[in-house]
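Here's a quick look at how the inside of this protein is put together. Have the sequence and the structure open while you read.

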Amino acid sequence: MLPSPWILAGVFLLGVLSGFLNTLAAGGTLLTLPLLTLLGLDLAVANGTNRVAILLQSVAGAWAFRREGLLPLRRAFRLAVPATLGALCGTLGVLRLPREALSPVAGAIILLLALSLLFRPSLWETPRHTPASPAGVFAALFLAGAYGGFLQAGVGIVLSWALVEAGGMDLVRSNGVRTVLVGCYTLASLALFLRADLVNLPVGLVLAGGSMVGAVLGARASVSKGNPWIRRALGLAAGASALQMLWQAPGWFNGL
């Protein structure tokens, strides 16, 4: 049963905001997952349905970055291989394993990245003179993809770290490459969620329509604002992501 037209309109507008945040920095999924559960979707179905929007916003964002000349497609597709392999492993994990331990672990990791973004800007705004070894790049992107396949929330922060620290990119170019990586591994991940019947396709397509608009706007903002602005936006998104994950973790903040 479809939600009312007014609710679907709200889903579309939320998709615009989510697509903008995900393309510019990260954290859009932290808005969409709660909304989808409020619509009555089970969390597992919401996690799968959100992948429809993530896939199409990635296509729109990649197109926008490509138009600006900031997306080396050949390199992006090469880097997408380990991320996609990791995402397949992560998705199989989320479909089969309990998820109680995910929030505190992911929250702690992202909180450390947030502190690095806000207080160690040189690590993010100054590209490495040489990238890490091919094995190091593969490992970093495989682990980032595995996290994205598992939950997706906050994965943009993890992928940005992998592309900057291991891949030797600046934040603007890493944002463009990240859209391709997320699009490739989300396609594989979404196929598994569809096979498990954990996707509400009509709601996902409405959310995706808004997300594509937001992704184009986010790509333009990324190019016009530059590295320092993106770093601050990533830092704030990372901090919010970490606190939200830690707050929802079982047993945390009991009695407050």
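What follows covers the main nonpolar core, one helix and two individual residues.

Keep in mind that this is a predicted model. Its largest nonpolar core has 48 residues, and the ones with the most contacts inside it are L79, L141, L159, V177 and L181. Several helices chip in with two or more residues each: helix 2, helix 3, helix 4, helix 7, helix 8, helix 9 and helix 10. Helix 3 gives the most, at ten residues.

So what does helix 3 look like? Here are its basic numbers.

| Property of helix 3 | Value |
|---|---|
| Sequence range | 43-67 |
| Length | 25 residues |
| Span, first C-alpha to last | 36 Å |
| Expected span at 1.5 Å a residue | 36 Å |
| Buried residues | 19 of the 25 residues |

The span of helix 3 is close to what you'd expect for its length. Because 19 of its 25 residues are buried, helix 3 is largely enclosed by the rest of the structure. After the helix comes G69, with a positive phi near 75 degrees.

Now for the two residues. Leaving out anything up to four places away in sequence, V177 touches L71, P72, A76, L79, L163 and M169. L79 is on that contact list, and both V177 and L79 are among the core residues with the most contacts.

Is T91, which sits in helix 4, buried or exposed? T91 counts as buried because its relative accessibility is 0%, and the cut-off for buried is under 20%. With the same sequence neighbours left out, T91 touches G149, F150, S189, L192 and F193.

Definitions and conventions:
Residues numbered from 1 in each chain as written. Predicted model: local features only at pLDDT ≥ 70, side-chain atom pairs only at ≥ 80, totals over all residues. Heavy atoms only, no water. Core = buried A, V, L, I, M, F, W, Y, C linked by side-chain atoms within 4.5 Å. Buried < 20%, exposed > 50% of the residue type's maximum accessible area, 1.4 Å probe, protein only. Helix = DSSP H or I, 4+ residues; strand = E, 2+ residues; numbered from the N terminus. Contact = heavy atoms within 4.5 Å. Expected span 1.5 Å × (residues − 1).
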